[in-house]
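I open a fresh page for this structure. I want to look up two things: what surrounds the ligand, and how the domains meet.

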Amino acid sequence: MSATEQTDVAALKAEIVAQAKAAGFDDVGFSPADLSEETQQKFQHWLDQGAHGDMAWMEETRERRASPTALWPDVKSVIVLAMNYGPDGDPLETLQQPDKANISVYARNRDYHDLVKKRLKRIARWLVEETGCELKVFVDTAPILEKPVAAGSSLGWQGKHTNLVSNELGSWFFIGSIFTDMALPPDQPHGDQCGSCHACLDACPTDAFPNPYELDARRCISYLTIEHKGHIAPEFRKPMANRIYGCDDCLAACPWNKFARAASEISLKPRESLTSPDLRELLALDDAAFRAFFAGSPVKRIGRDRFLRNVLIAAGNSGDETLLPHVTAHLDDASELVRAMAVWALGQLAAPKDVERARVEYGDQETDRDVKAEWACLPSLPR
Ligand code: SF4
């Protein structure tokens, strides 16, 4: 590349950064379109081990996901954009309130996908007008290994918890990407700055990190509460405490968050009703009320049954016996996912004689194998 071309490209990159900042992004990086052989192999090994749990789409898109060029052969560069959603208080405060539900910080307002995609498209339109390039924009839903791709830029590095860490934004930011057929020189990658720290690994309530930089999704509370469609295994129920949607413990533990700042984007600021909702109110939501309460929020996408499964586990962990009427109201729920966790929560909160009474009324009528197994785990009194 000639000196003039280099100057032109540097000016274009500076203009892309300026446009991105004007569109509300907090940082921008430029990555190569290929992932290293080592990164690709690590991903294949992770899938081979089944660590993705029942996220079948990961397996189905294995080939395309391996590298940006496998998804779109014409891509030459990836522009990675970060949008800060930093909390403005202690993100783990609700964990100290067992009668409340803890929702992951990113889900305490509107679904970020629409917002980030809209902003990406604004930059994309400008870039096409300016250069005539071909491009594609992505936010989280396409088969891309977004974190390793982003770690190829100056944006940040993949921490030992496998999420991206920035020494300007900490860990609280969404990533969007623009794939382009323009060859933009990549940044000098940020490089790993975890050092000897292991705070995130120690903070995980379910030991979901078999090794630093490795996540076993099957043990991760975010996966269990959001992606996992089936029953939640008994070993995870107590550690879940009142986390009903996602988990922030590994992110919150990271010392780089001392540089994090509260989100300035209004639709990413926490909605009060979603910051620490009462378990009692959540247990009373029927399907229509659930949809209305979580309108526009990512929580809505897990559906009422999985949601209630999670809330019943939180109720069982609350130690609050006054929740019992709201728990027993679900012992004859139409969903076996809900019934099973109503039985478990009953066992956590009720006195043995009340368990027996419920067993006669509901347990003896139960036909589902898994729910019957939950009943069988409760200690029984002689009749
Ligand atoms: S908590 Fe420590 S080990 Fe984990 S990502 Fe942050 S700096 Fe790295």
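I started with the shell around the ligand. By class I get 8 nonpolar, 2 polar and 1 charged residues there. This is a predicted model, which I keep in mind for every entry.

I then listed the shell by name. Cys194, Cys197, Cys200 and Cys254 are among the residues around the ligand. So are Gly159, Lys160, His161 and Val165. Ala199, Pro255 and Trp256 complete the list.

Next I turned to the domains. The assignment gives domain 1 as 3-180. Domain 2 comes in two pieces, 212-246 and 278-376. I looked up the distance between their C-alpha centres and found 33 Å.

How many residues of each domain are in contact with the other? I find 29 in domain 1 and 27 in domain 2.

I also looked up the buried area. The size of an interface is often given as the accessible area lost when the parts come together. Here domain 1 and domain 2 bury about 2400 Å² between them. Carbon and sulfur atoms hold 53% of that area.

Then I checked for charged pairs. The rule finds 1 salt bridge across the interface of domain 1 and domain 2. Lys100 forms a salt bridge with Asp278, and I note 2.8 Å between the closest N and O atoms. For polar contacts across this interface, I note 16 residue pairs, both residues at pLDDT 80 or more.

Last, I looked at the side of domain 1 that touches domain 2. Helix α2 (37-48) and strand β3 (102-103) each give two or more residues to this side. Its residues divide into 10 nonpolar, 12 polar and 7 charged.

Terms used:
Residues numbered from 1 in each chain as written. Predicted model: local features only at pLDDT ≥ 70, side-chain atom pairs only at ≥ 80, totals over all residues. Heavy atoms only, no water. Near = heavy atom within 4 Å. Nonpolar A, V, L, I, M, F, W, Y, C, P; charged D, E, K, R; others polar. Domains from an automatic or database assignment. Contact = heavy atoms within 4.5 Å. Buried area = accessible area lost by both parts, 1.4 Å probe. Salt bridge = Lys/Arg side-chain N within 4 Å of Asp/Glu carboxyl O. Polar contact = N/O pair within 3.5 Å; in protein donor to acceptor, adjacent residues only side chain to side chain. Helix = DSSP H or I, 4+ residues; strand = E, 2+ residues; numbered from the N terminus.
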